[in-house]
Amino acid sequence: MDTSSPSAFVNGALLGRLAGRKVRTVVQVIGSEIGSVVGKTTDDVQIFVRGSSPAPLTTYVEVIGIAESDNSIRAETWTNFGNTFDPQNFNELCKLANGEFKHLFM
Amino acid sequence: MQIVYRLIVVLNMETIVPHSETIGNPTMSAESDTESGNFPPTNRVAFNEPAFQHSVNKAPPRGVNIQSPANSTPSFRPSVQPLYQPPPSYRNHGPIMKNEAPARIIPIAALNPYQGRWAIKARVTAKGDMRRYNNAKGDGKVFSFDLLDSDGGEIRITCFNAVVDRFYDVIEVGKVYLISKGSLKPAQKNFNHLKNEWEIFLESTSTVELCPDEDGSIPRQQFSFRPISDIENAENNTILDMIGVVTSVNPSVPILRKNGMETHRRILNLKDESGKAVEVTLWGEFCNRDGRQLEEMVESAFYPVLAIKAGKVSDFSGKSVGTISSSQLFIDPDFPEAQRLRNWFDHGGKNTASSSISRDTMPGGGSRNEIRKAVSQIKEEGLGRSDKPDWVTVKATISFIKTDSFCYTACPLMIGDKQCNKKVTRTGTNMWLCDRCNQESEECDYRYLLQVQIQDHTGLTWVTAFQESGEEIMGCPAKQLYTLKYELQNDEEFAEIVRIRLFHQYLLKLKIKEESYGDEQRVKMTVVKVDKVNYTSESKYLLDLLVRSL
Ligand SMILES: [Zn+2]
């Protein structure tokens, strides 16, 4: 496991706090523009994921990249997470990983 | 403009409540004297406020205003007094009246700690068991019962020690009593959910008289049933009454309480005309006594109506209702509501889908009723050693399947509506003989009797899987595997089928019971349900554990 550049689990609310950092999130794809994908985070925030996405994308996609602002990520890695992902569980994971269990995460 | 004068002359008033809250919302007419300015019509008067004294009381029920001839007070002594002058103290009337006149019957709703003498006439709606206690003051015993009167007032009565001996055998549920004297204490709201802020402690001078004549004006029970759809929006810990048709009854499971005591829990499902269903959790004694009766009824395909008096709403994972010590259950009661529900259920309600307001934390497998254990806990906790089997769920991976014998030849004959399934043996005439049916059949059935090794992060163990769970584990009917191995003798394909069934993770519901084989005691574990792990619901389950441990 590469620990040199850890990526923090984020949802929409946490994204803005980590601008400039490497982050990891899962979005529900709701549209795409040239050079970016419009996604909904697990806490219902609309964000832009920049970079060249692989095609086709499933309903849920995990992206790892640099947080640019509170509503955009420059993605380096895209992973299709399928169509039956549970956003609530992921959202709780983000909260715990940045809250009570922060010490367990990098 | 018409001016309406209202003049009320009150004769022969008697103070029952020297300090009382204002009841209702009295207003003064503009024409009344200047003192009306002192009276705040909309404010409630505190108990300890000496300035205002109102003894507003409901009239006693017809014909029960007991006035003794010994009462020396003239019958219609006019006692017109200026408004709000403190009324004369009752005690000043002297000892004659105090000791000899029977107290007036007042509604339960009018009882308060500041009354000297009172009597209430009420029906016993519930009677608690006698409990012994031990505290700093020593040993003691206590019992309580609940009363309901014709005005719908309810109150709990508690007796201690010697008073218990006097009244415990006298009090019977459903009977009407005339009760007098006793002290009023604030109700202990955590145990007492009656609509009354007081409860009565009977004393040595208290009297409890059985009213032999049935008083039809006092209902036997007072319910305010809430439809299940209402419970969905009820707050956590709300105490309420409900009624529904029992559609399923889970087995009773032992539960370890936080204080280390073991109790039992049983989950039922109820539905009603609101189109909703709810889980009801029976605890302790309810689980065995009423729970077993309900289970038997549902097993024989009769779905009883269940009314619950004083159930407690829980919002742990959706909404559900649980029993508390003061709850009462009524199975197929003779209420109009029960008859209406029965009618609804029998004429279509049975087959209408109801959405449950109780969310299963684990829709993928098991439910809140399950007791999750790790494999090593089965041995460590000595599961299966008590009288009744233990039912637990393990999340485990199948690591080995015994294949030298995995099924048996079963009797296909029907006994009633069930297949016999006893082991049959081949006869000399190529038939299959069943010892139980004492009959031969041309064909036999092949049913799984599968020995499987399961493993989790704590250890491994052997379990037995019969037909349905065996099929779930092997992914095909026993007959198919039997044919492959013994008739086609295709060992290669057989081995391949077995191999691909290994190393899958399941939620396995196990029945664990120690059985004796001759002198030997062996803990037998049977797989009663096999569910593939649903990662969404499993994550939810783990998340729930995690958050609750915070
Ligand atoms: Zn048979």
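1. Let's start with the cysteines. Over all chains, the structure holds zero disulfides. Please keep in mind while reading that this is a predicted model.

2. Two cysteines are still worth a look, one in each chain. A:C94 has a relative accessible area of 0% and is therefore buried, since buried means under 20%. B:C411 counts as buried too, because its relative accessibility is 0%.

3. Next, the place where the chains meet. Eight residues of chain A are in contact with seven residues of chain B. On the chain A side, A:N89, A:L96 and A:F101 lose the most area to chain B, and together they make up 59% of what that side buries. Between them, the two chains bury about 620 Å², with 69% of this area on carbon and sulfur atoms.

4. What kinds of residue does chain A bring to this interface? The side that touches chain B has two nonpolar, three polar and three charged residues.

5. You may want to look at the charged and polar links across the interface. One salt bridge is found between chain A and chain B. In a salt bridge with an N to O distance of 3.0 Å, the side chain of B:K540 meets that of A:D86. Two residue pairs are in polar contact across the interface, both at pLDDT 80 or more.

6. Now to the interior. The largest nonpolar core has 41 residues, and those touching the most other members are B:L450, B:I454, B:I473, B:L508 and B:L510. In soluble globular proteins, nonpolar side chains tend to be buried together.

7. B:L450 makes a good starting point for exploring this core. Leaving aside residues up to four places away in sequence, B:L450 touches B:I401, B:K402, B:F406, B:V463, B:T464, B:A465, B:G470, B:I473 and B:M474. One of these neighbours, B:I473, is itself listed among the core residues that touch the most other members.

8. Which residues belong to the second core? This core is separate and has 36 residues, including B:A234, B:L240, B:I308 and B:W344.

Methods
Residues numbered from 1 in each chain as written. Chains lettered and ligands numbered in written order. Predicted model: local features only at pLDDT ≥ 70, side-chain atom pairs only at ≥ 80, totals over all residues. Heavy atoms only, no water. Contact = heavy atoms within 4.5 Å. Buried area = accessible area lost by both parts, 1.4 Å probe. Salt bridge = Lys/Arg side-chain N within 4 Å of Asp/Glu carboxyl O. Polar contact = N/O pair within 3.5 Å; in protein donor to acceptor, adjacent residues only side chain to side chain. Nonpolar A, V, L, I, M, F, W, Y, C, P; charged D, E, K, R; others polar. Disulfide = S-S within 2.5 Å. Buried < 20%, exposed > 50% of the residue type's maximum accessible area, 1.4 Å probe, protein only. Core = buried A, V, L, I, M, F, W, Y, C linked by side-chain atoms within 4.5 Å.
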